[in-house]
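I opened this model to look up its helices, its core and its surface, and I kept these notes as I went.

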Amino acid sequence: FENGQICLEIQDLEHLFSKCKVIESIFRSLVNILETFLERSVSYADIVHFTYNHRNKKKLIVALWFSVKMMLKIFQDRGFNKAQLLKEILKELDWNLIMNRKMGSLCEMLSMKNNIRLVLEMDD
């Protein structure tokens, strides 16, 4: 859905989350954040099927949380503004930190927060 026009492509998962022109830059940012955070390459299939792994399970929990939140915001909320999506994720991370709800660990949550901020700063 772009400029009031409905996308005419086949609406499969791959198109919805990575190939659609509206989503391409958001998906690239998602991959970039995950690759930086996990320190390994991550593919489309890894993200959609949550098949990426890490020796540090606390880090893996934060990465999975981030992926699920991003995909939910794209699919359910029809979030196509990358900066807005990432700022919403930062707000949720801050809320979880304030409420002392540590997904994984405090260190890993702060690391994810810094990775998201770096992507936001690069886009400005």
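I call a residue buried under 20% relative accessible area, exposed over 50% and partly exposed in between, with a 1.4 Å probe and protein chains only. The model is predicted, so I note that local features need pLDDT of at least 70 and side-chain atom pairs pLDDT 80 or more, while totals for chains, interfaces and linings use all residues. Residues are numbered from 1 along each chain as its sequence is written, and side-chain values use heavy atoms, without hydrogens and water.

Overall: I found six helices and zero strands, taking helices (H or I, at least four residues) and strands (E, at least two) as DSSP runs numbered from the N terminus. Of the 124 residues in the chain, 42% are buried.

Helix H2: I looked up residues 24–38, whose end C-alpha atoms are 21 Å apart, in agreement with the 21 Å expected for 15 residues at 1.5 Å a residue, the expected span being 1.5 Å times one less than the number of residues. Its buried residues include Ile-33, Leu-34 and Phe-37, and Glu-39, which follows H2, has a positive phi near 60 degrees.

Contacts: Counting heavy atoms within 4.5 Å as contact, and leaving aside neighbours within four places in sequence, I find Met-112 in contact with Ile-33, Phe-37, Val-62, Ala-63, Phe-66 and Leu-93.

Surface: Ile-98 is found in helix H5 and is exposed, with a relative accessible area of 70%.
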